[in-house]
Amino acid sequence: MDGGPHPRNIASTSTPATPVRRHSQQMLVTPSMVKKRRKPRGSNTFHLPGPPPVLVLPGRQYFTQQIASNTNPRHDVPPSDPIDQDRPSFYDDVHFFSDPSAPRSFCSNGRQKKFNQWQRWSNEVIPSLIGPYLTYQCKSSSLRHRPVFQNDHVECTASCHRKTLEVTCVFFNYLEVLNIDCCPCAPAPLQLLKLGLFACAPIAPSLAVDLRVLELVRTLFVRITPNTTAWCEALEVFLTARGYKLSTKDNLCRRFSNAYHWYSVLVTNAEDHIYSLISQHLPSRSLGDEVLPTQPSNYLRSRCPVCFGMQDWQKDHGSRLKLDCHVCIDACFTQKRSANSRGADGLDPPNPTRSVFISDEEVARMEAHPEGDEDGYEDGMRIPVSTLDACGESFLAADEKREKASTRFFADTGIMALLCRHDCVLWLVNMTSAGEKQYYALALIKKLFEHLLPTMTVGILYDIACQLKRSCLKYQLLEQGVLSRIVFSISVFHAYGHQWPCQLIYHPRKCEGFGLSDGEGCERLWSALKMLIPPLRVSGYHQCLFVLNAQVRHLDGKNLDTFGEWLSRRWTRCQTKKSSAEHALRQLSVDEANIRPEWRAQVEHQTKPLSRRSKTNNDEQISKILTLERTLSNLDDSVHALEMQLCAGNTLNIVDFNLRLTDERTYRSKVTDTLRRWKAALGIGQLTDLQQLRRSIFLQIRLDAQAVKARLRERLRQRKFEIERFERSYRQTVNEHKLHVHAEASIQRRNPTIRKLVSTYNNLCGKLIDLIRRGEAPAGAIAPHSISPTGIFQLDVDDDIWQDVGLDGNDMAPPAWLADENMRAAIKFQLEVDRCNEEGARIMRERCVLQEWTMAEWDALQEARTHADENEDLCFHFDLRARLLSGLVVHWQSQVRPIPCAWPLPDSWGPTPNDLAEAANMYYQPSCLDGTAAVYDSENDWESDDERENDELIDELEEAALAGAYMDLDSDSYDI
């Protein structure tokens, strides 16, 4: 703490004002400034007209005349300063719209004053303070030392009229009053900043705060819930206890908040200014006269160097992956903002800072895009419609009409984020709808591809990725050139909410190219932002965006420091999982050449559309067979005619004729085989009269039994694979009792649906047996076997569920991917090895990309330093950034040393050995204020290495524990 001068009580030093009587004068004011007259008693129903207008300006700005007396009847209150910015003035209330299309709104005095001050801060004061702020940072060694406190008068070159202001200055442990002379050439904010203070108003501030106090608050408020009211109250109590007290009541919070906000804006703009000077010397996105760029946009490179920092994406380094980058999307409906009960607008002007939020105009353009019962496949989809519908019903996010936040009480209902796989925020979008509309996610995706190379491919993880892809294909919501470069997948945490066929296609552990990415970065972001929920619930729109941007900027700094640790942790985890899976795979007596074909057969079989019951199935099948018979008859005639033409020698080109004849014979063979299979499915012979079988009750019941059995068989398969997944998640983490309890709670709830299907199938079998007994079935019909409810969930190889006796005439043996336990385990371990190989290759590339980005940043920094050699302030900040980058390199190098490079790179990361030695000395040997080495108690560290190794098990435990919450059990119900 600074000692400062002798304490002075501000309240005791104020001089009482002498009452002065002045003549009344006439003023031209807005109607809102005229004091309203009180109505007499009993006249509430009468209307008192306002003051008549005496002047109307363009834009329908009304002014009236008021007689004001300057006589101050109160002897204990001093007259106000004519330029005191803390009080409303006439010129602050008069605002002319230069844009004829701007809204004509009549604001109150305080509202218009706030808007005018906001404009002055944004357009004049903040840009003019960036240079002096950088200078003070240089002289004070980044606020570590305070220069000699002296009030030097700034010479005025234009002979302006000067005003003397009395400013209360707030320091850590005392208050002080300064008198400064200001004019347009030397405004008060500039003079105060040169003294290490920041003003609370742009023209005539009455309060200024020490920069170190503001920097402490700024650093604190990104780590706790921002609360300027509590901070100011604590500060005021602290100063009062030491003999300092403000002369007015409850005005520190308002003025301190104003100073803190605009100081944060100044720091943000100053940091962006330094980075813009450095980025001018970064390598160009294109090489020579090439039209296509070789790098993503500088914005993406600044958001995540590990994902987008490669210098030349067009160059093949021999480690080309299927997907160039992974991103995840999710929405959060806890970050709401309450609507103004009075419906007031325009109270919250925008801040002059860079934002990660997508503009409302871009979202509106995507929102304006038009959108438009037999089970099957939709165009471009690999899973049937029934599975997509079940997944959509299982998630609230897929139901756009479901209200998650009422638009009646909330102006903003939530935010949606787009993050890379390193949890770096790429973009955010503000949501104003009651549900999770798809156009928010599409706006984020479109924005991403505007900044990518035209050849880059992206893997997108989203909790309802299957529904999003379906909409994109069905309604052409994205251009084909963009959609063809996207691979959709569902996030790991939400995988259990999807049907099993959907998991086979979209689960990131089964989808090629995703490695070990989990897609849960958004959930970690929501956890980091949850402390902002209370204050942002009642904040203004632009203030809410400003606070969120500040928090994202803070998280960016934390991510930058942990990139090396992240890569090291993921590399260790990848190698451990891969070694374990390979060892388990070698223990199985399974031919590795059969594993991948069995996996493809499993995916193909389990993603087929399910058969459905229909009252007209019998007639429909017979009609199809009759149509196919007519087609076959026509093909026989065509082949016979071609053969006769060939025998007669009526051919011009014998080669083409033979090819045509071969095609006709091949097509006839396929039709014949299809006809045979369809008749076998109905259980009829080749010579059966199909017309007599129309309206056959036996065939209708047998078709229904086939459909029920197919659905029952598929439900049992899904249940078996899902319970296995639960067992693997809980193995070695909980005891057998917890496994039994959770498995029964999560899986047993859908057992009634399966038992209902068993009962329905057995009833149909009983009807078929009764028809055969009464002689109402076709000749030679065989009665199907009923299914015993006992042991149905075991799904053994010899169960009756696999035998279709009496249904299609063929006995179906269960496939190896389902019946052979070793093959099933081998498929699981092979998929795990494949994903680990992908993850290892990606980590190796990201390690090289991080080094390339560091070298490029260092070269640009040194070049900027050379160009600014004569500017001491810029050189100081460039050197400061160089020390920061050197410290990061020291930290990163030690973390990524075990990771091999994907392509050859030099040993140097950019900084010289001397720079690294100095950074290592500061990084590994921190010192206390007294010069002694700091000692850390490792025993009190809350997170040990053993605990980090269990992160994966804990994640899987959470996945399994919350899986049942995302499933819609009613979607499995069967309509009898």
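Is Trp427 buried or exposed, and what is its relative accessible area? In this predicted model, Trp427 is buried, with a relative accessible area of 4%. Its ring belongs to one of the 11 aromatic pairs that the structure holds, and the partner in that pair is Tyr299. The two rings are stacked, with 5.0 Å from centre to centre and 25° between the planes, and Tyr299 is itself buried, at a relative accessible area of 17%.

**Aromatic contacts**

A pair of aromatic rings is described by the distance of the centres and the angle of the planes. The table sets out these values for two of the pairs.

| Pair | Centre to centre | Angle between planes | Class |
|---|---|---|---|
| Tyr299 and Trp427 | 5.0 Å | 25° | stacked |
| Phe563 and Trp892 | 6.5 Å | 45° | tilted |

The planes of Phe563 and Trp892 stand at 45°, so this pair is classed as tilted. It links distant parts of the chain, since Phe563 lies in helix H19 (residues 563–587) while Trp892 lies in helix H28 (residues 872–896), the two residues being 329 residues apart. Both Phe563 and Trp892 are buried.

Elsewhere, one aromatic cluster is formed by Trp118, Trp121, Tyr133, Phe198, Trp262 and Tyr263. A contact of another kind involves Phe410, over whose face Lys336 lies, at 5.6 Å from the ring centre.

**Cysteines**

A disulfide is a covalent bond between the sulfur atoms of two cysteines. A search of the whole structure returns 0 disulfides, and two cysteines illustrate this result. For Cys304, the closest cysteine sulfur is that of Cys420, at 3.5 Å, which is too far for a bond because a disulfide requires the sulfur atoms to be within 2.5 Å. Cys304 has 0% relative accessibility and therefore counts as buried. Cys574 likewise takes part in no disulfide, the nearest cysteine sulfur, that of Cys836, being 4.6 Å away. Cys574 is also buried, with a relative accessible area of 0%.

**A residue in helix H29**

Where does Ala917 lie? Its place is in helix H29, which covers residues 913–924. With a relative accessibility of 47%, Ala917 counts as partly exposed, because that class runs from 20% to 50%. Between the C-alpha atoms of Ala917 and Ser886 the separation is 9.0 Å, although these residues are 31 residues apart along the chain.

Terms used:
Residues numbered from 1 in each chain as written. Predicted model: local features only at pLDDT ≥ 70, side-chain atom pairs only at ≥ 80, totals over all residues. Heavy atoms only, no water. Phe/Tyr/Trp six-rings, centres within 6.5 Å; stacked < 30°, edge-to-face > 60°. Buried < 20%, exposed > 50% of the residue type's maximum accessible area, 1.4 Å probe, protein only. Helix = DSSP H or I, 4+ residues; strand = E, 2+ residues; numbered from the N terminus. Lys NZ or Arg CZ within 6 Å of the ring centre and 35° of its normal.
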